[in-house]
Amino acid sequence: MISGSDEPGIELSQQLEQLWLESTRGNIMNKSILHALAQQALTDSIYPSPLFPPSPYYRFLKRLSEHLQPRVSVVLGVCGGGCCLHLALGNPQGRVVGVDFAYDHDEQIKHIYKACPNFIFWHGDSVFDVGQIVSDFGQPQIVFVDTTHTYHQTMTEFNTWRDYLADNWIMCFDDLFRPGMEQAWNELPEPKVRLDALHTGAEEGGGFGVVWQG
Ligand SMILES: C[S@@+](CC[C@H](N)C(=O)[O-])C[C@H]1O[C@@H](n2cnc3c(N)ncnc32)[C@H](O)[C@@H]1O
């Protein structure tokens, strides 16, 4: 739902954008759709719990999930789980599998399980477990790569998961300003778009990009 505005002109243009976005449901992804979803995410209200940081890219993932309605989404690197929560809220009919080899945010994970019955925490490795995860849950349409933010791990995760994706897939990457990540981004194939406004971050972190099936 679009949040209200005191300015009637702004509210009308937001409603028109929402109508246009709805008319593109089921289309192959493109830059205009991604920019429009990112724009909405920047003005969406934040999730009302101090357990999760108010990151705009979380809200983008929620919008993306609402838009694509994927049967399965996967997050590589759960940590406090904000990404999983938002993907799960965006599409309650689809499953969200969060993969992490550490379980160190018990309160957050329990909160997500309670709020989102479609969430599954997978205690394991982002690369080695791919076959088992896909065999148990199916091919994901959205994958968010959010583990070590190093060149080698990022490329390994991309090259591993790309063979297991559903049609019209999307992979998201963050912390692209970290050392090695610009190289990773440059080597990822087209089509792709940077949406850095979604993650302004600290000096070392920040940066957000999306790659999708051409
Ligand atoms: C930046 S945090 C993830 C943040 C999270 N996506 C969020 O929404 O807040 C990175 C996480 O990746 C996990 N991780 C790093 N390498 C991994 C690997 N090879 N397999 C699974 N998890 C990994 C770490 O344990 C850590 O919890």
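1. In this predicted model, strands E4 and E5 run parallel and are paired over four bridges. Within that pair, Phe-144 faces Cys-172 of E5. On the other side of the register, E5 (residues 170-174) is joined to E7 (residues 208-212) by five bridges in the antiparallel sense, with Asp-174 opposite Phe-208 of E7.

2. These strands belong to an open sheet of seven, ordered E3-E2-E1-E4-E5-E7-E6, with mixed pairing. Its edges are strand E3 (119-123) and strand E6 (192-194), each of which pairs on one side only. The average turn between neighbouring strands, direction ignored, is 15°.

3. Two helices pack against the sheet. Helix H3 (residues 56-68) touches strand E1 (72-76), strand E4 (142-145), E5 and E7, and its direction makes about 165° with that of E4. Helix H7 (residues 151-161) lies across E1, E4 and E5, also running at about 165° to E4.

4. Strand E5 is largely enclosed by the rest of the structure, because five of its five residues are buried. Ile-170, Cys-172 and Asp-174 point one way from the strand, while Met-171 and Phe-173 point the other way. In a regular strand, side chains alternate between the two faces of the sheet. Note that the buried set includes Asp-174.

5. The edge strand E3 is mostly covered too, with four of its five residues buried. E3 runs parallel to E2, and five bridges join the two. Val-97 stands opposite Ile-120 of E3 in this pair.

6. The largest nonpolar core has 55 residues; the members touching the most others are Val-75, Cys-84, Ala-88, Val-143, Phe-144 and Ile-170. For Phe-144, leaving out residues up to four places away in sequence, the contacts are Leu-61, Val-75, Leu-76, Cys-83 and Cys-172. Nonpolar side chains tend to be buried together in soluble globular proteins.

7. The ligand has 17 residues around it, of which Gly-77, Cys-79, Cys-83, Ser-126 and Thr-147 come nearest. Helix H4 (82-90) and strand E2 (95-100) each supply at least two residues of this shell. By type, the shell holds seven nonpolar, seven polar and three charged residues. Cys-83 is thus listed both here and among the contacts of Phe-144.

8. Met-181 lies in helix H8 (residues 181-187). Met-181 counts as buried because 20 other C-beta atoms lie within 10 Å, and 20 or more is the cut-off. Beyond four places in sequence, Met-181 touches His-149, Tyr-151, Thr-154, Asp-175 and Leu-176. His-199 is 18 residues from Met-181 in sequence, and their C-alpha atoms are 14 Å apart.

9. Some backbone details deserve a check. Asp-175, in the loop between E5 and H8, has a positive phi of about 55° although it is not a glycine. Asp-175 is buried, with 20 other C-beta atoms within 10 Å. Asn-168, in the loop between H7 and E5, also has a positive phi, near 55°. With 15 other C-beta atoms within 10 Å, Asn-168 is partly exposed.

10. The peptide bond from Glu-190 to Pro-191 is cis, with omega near -5°. Pro-191 sits in the loop between H8 and E6, and E6 is one of the edge strands of the sheet.

Definitions and conventions. Residues numbered from 1 in each chain as written. Predicted model: local features only at pLDDT ≥ 70, side-chain atom pairs only at ≥ 80, totals over all residues. Pairing = 2+ DSSP bridges. Axes fitted to C-alpha atoms, helices over the stretch in contact; angles between N-to-C directions. Contact = placed C-beta atoms within 7 Å. Near = placed C-beta within 6 Å. Nonpolar A, V, L, I, M, F, W, Y, C, P; charged D, E, K, R; others polar. Core = buried A, V, L, I, M, F, W, Y, C linked by C-beta atoms within 7 Å. Buried ≥ 20, exposed ≤ 12 C-beta atoms within 10 Å, placed from the backbone.
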